[in-house]
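Biologist: Hello! I am new to this structure and would love a close look at one part of it, the aromatic rings. Could you walk me through them?

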Amino acid sequence: MTTAPDTAAEQPIPAWRPDTAGDAPGGVVHRQLRTELHHPTGAPLVVHLTGLGSARWEPTATRIADGVTLVEVTATDTVTVRAEWRVPCVGATAYWTPDTDASRWLPPSWTAPRTVSLALGAPVASLVGSHDRAVCTAAAGETTAPVRVGAGVVEESGEFTFTVERELAPDGPPLRLRIDLSGRHFATTLRDVTAWWAEGTDHPGVAPAARMPAYSTWYSLHQNVDAAAVERQASLAAAIGCTSVIVDDGWQTADRTRGYGHCGDWEPNPEAFPGPAAHVAEVHRLGLAHLLWYALPFIGRRNEAWDRFKGLTLREEPHLDAAVLDPRHPDVRAHLIDRVSRAVEEWGTDGVKLDFIDRFAVADPPPAPPGADHATVHDGVRRLLADLDARLRRTRPDVIVEHRQPYVSPGLWPYATMVRATDCPLSPAENRQRTVDCRLVAGPLAVHADMIMWNAAETPEAVAVHLVNALFSVPQISVDLGAQTPDQLAALGFWLGVFRRYADVLQLGALEPARPDLGYPLIRAHDGRTTVVARYAPLPVALPAPDDTEGPGTDGPRTLLVANADADPVLPLVADRPERALARVQDCRGEILSETVLDLVAGVNPVTVPTGGLLTLTREH
């Protein structure tokens with residue numbers, strides 16, 4: 001059913017409320033749009049719309065599912081439209097967004113809105129309440145052009161307000177808002193948002209290697225990379241279950257002082273990589289795929305390309321000894337596409353790691369330079385990535401392309417294979433939160449953890465904890481594998497085996513992270529036969545009820561895996577009925593500590609699982 005606006009509320013007023021100052025040639029028009037949604041308190045949800053610059057726009061509201069409404073605003077004139085609605089802030093525990101710096105607190109309503117676009121963020125948020133149920137989950141349908149998204153607690157009323165604002169043009173797409181008051185688990189509502197975004201999107205698929213453990217050179221070698229060092233680590237990585245190696249910054253320069261002054265020409269350092277094709281062939285011989293790093297937007301001052309492109313930049317970044325190239329110009333795009341494509345076409349790599357795409361998201365870009373064929377930066381970025389993807393796939397149809405937080409827009413899905421959590425070295429809890437956040441909005445992409453590293457003196461139990469914190473993503477390992485102790489290697493090999501063996505349920509199963517306000521201390525994923533739970537705090541684990549995993553192919557035994565990343569070895573299993581199950585307990589190295597039949601009682605059943613260990617419970621159907 002579609003709802004029309006309340007025209008009685010429509011009237012021009014002399015000022016833009018509440019953020020934009022200055023004169024508005026077409027005045028400011030307010031309209032109220034009644035929806036069929038109701039708050040838990042019983043009050044109806046009303047969306048307040050304000051148009052700046054014209055009255056020639058019309059809103060509608062259509063219920064698309066129980067508790068879910070689609071708001072659309074179309075315009076026959078150029079206008080800036082701002083939508084605002086409020087929900088009672090009852091039982092709210094966290095405000096979830098895909099931002100990498102989100103703290104999950106409830107911000108005040110006067111907090112500045114965030115601007116998301118193709119190169120930065122995604123237009124979605126969820127106010128989460130008790131039992132991890134969404135009080136309100138909202139998303140915008142525009143995933144390319146900039147959208148201003150705000151939210152916060154209204155101090156005067158105890159409500160929580162959502163705002164979405166963007167410019168509309170007569171020949172452009174409408175403002176589309178998906179508002180979900182269904183009260184389901186917040187992860188379920190976000191999964192529905194990604195399905196909505198995916199409508200009409202054609203994704204080329206994910207190469208199998210992109211879902212298997214990888215080795216990265218960044219934390220282990222930094223810029224001190226050469227062919228011999230990479231091949232040595234690749235050989236060791238293959239032995240423990242990695243299927244790809246990512247050669248990061250340093251391959252293109254002899255400089256070892258960091259910075260990006262040597263980015264832009266993208267020529268291999270002839271001393272470190274005298275024969276890049278032969279080097280890639282050797283990595284292939286070892287059984288691994290090969291990916292090469294590119295800081296795509298940067299043109300460094302110490303490159304020959306600097307003089308050619310220094311007038312075609314969006315901004316300079318002196319502290320990085322580089323500038324950000326302007327993708328609106330065809331010469332810029334042609335240069336970047338030619339440089340990056342060489343890796344696949346000439347050297348035989350399996351893919352590329354495209355870093356720093358978020359640097360294209362300049363708040364106030366300069367006017368388009370002479371010769372530019374796109375008026376907006378986001379259109380230039382999309383054209384660059386689309387043309388690059390088409391070029392790469394001509395040589396390698398299953399090319400692997402890595403993106404990274406915070407550029408997680410669904411508008412980028414067609415041009416990526418995987419998305420990685422942004423840098424958080426030696427921070428397992430942060431890696432856990434960022435990978436889960438990525439999973440919730442990644443759509444068809446494989447989600448990778450930030451590179452996992454640890455101190456050389458770390459215990460095998462702590463190594464296992466690092467890995468378990470990335471359990472619901474693809475791990476990237478970045479330590480000197482030749483310097484690890486046998487126990488460290490045993491822990492690494494055991495958990496990489498778990499990643500590989502249960503990749504389908506860990507990466508593609510239904511994901512249910514608990515308590516975003518506490519950093520997801522318990523995470524659950526499940527498919528028709530297997531449930532995997534990881535606990536990161538001394539919490540009980542409820543056995544899945546029989547109907548939790550019902551579906552095709554669920555006859556026969558069912559498996560529950562519980563990974564213990566907490567220091568407390570006592571794991572309380574909570575059953576809702578008596579039953580018998582086969583229990584196997586392994587330590588952080590994979591050594592079997594016990595195998596026994598448990599007679600579970602209704603209620604709490606304590607089981608001892610050491611830190612970094614794994615409980616495997618096989619239950620009869």
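Biologist: How many aromatic pairs does the structure hold?

Modeller: Happy to help! Please keep in mind that this is a predicted model. The structure holds 14 aromatic pairs. A good place to begin is the pair made by Trp 251 and Trp 266: their ring centres are 5.9 Å apart and their planes meet at 25 degrees, so this pair counts as stacked, the cut-off for stacking being under 30 degrees. Both Trp 251 and Trp 266 sit in the loop between β17 (244-247) and α4 (276-285), so their pairing ties together parts that are 15 residues apart in sequence. Trp 251 is buried, and Trp 266 is buried too.

For a contrasting geometry, turn to Phe 494 and Trp 495. Here the ring centres are 5.2 Å apart with the planes at 65 degrees, so the pair is edge-to-face. Phe 494 is buried, at a relative accessible area of 12%, and Trp 495 is also buried, at 0%.

Now back to Trp 251 and Trp 266, since both belong to one aromatic cluster. Joining them there are Tyr 260, Trp 293, Tyr 294, Phe 298, Trp 347 and Phe 356. Phe 356 also has a charged neighbour: Arg 404 lies over the face of its ring, 5.3 Å from the ring centre. A similar arrangement involves Trp 57, where Arg 31 lies over the ring face at 4.1 Å from the centre.

Terms used. Residues numbered from 1 in each chain as written. Predicted model: local features only at pLDDT ≥ 70, side-chain atom pairs only at ≥ 80, totals over all residues. Heavy atoms only, no water. Phe/Tyr/Trp six-rings, centres within 6.5 Å; stacked < 30°, edge-to-face > 60°. Helix = DSSP H or I, 4+ residues; strand = E, 2+ residues; numbered from the N terminus. Buried < 20%, exposed > 50% of the residue type's maximum accessible area, 1.4 Å probe, protein only. Lys NZ or Arg CZ within 6 Å of the ring centre and 35° of its normal.
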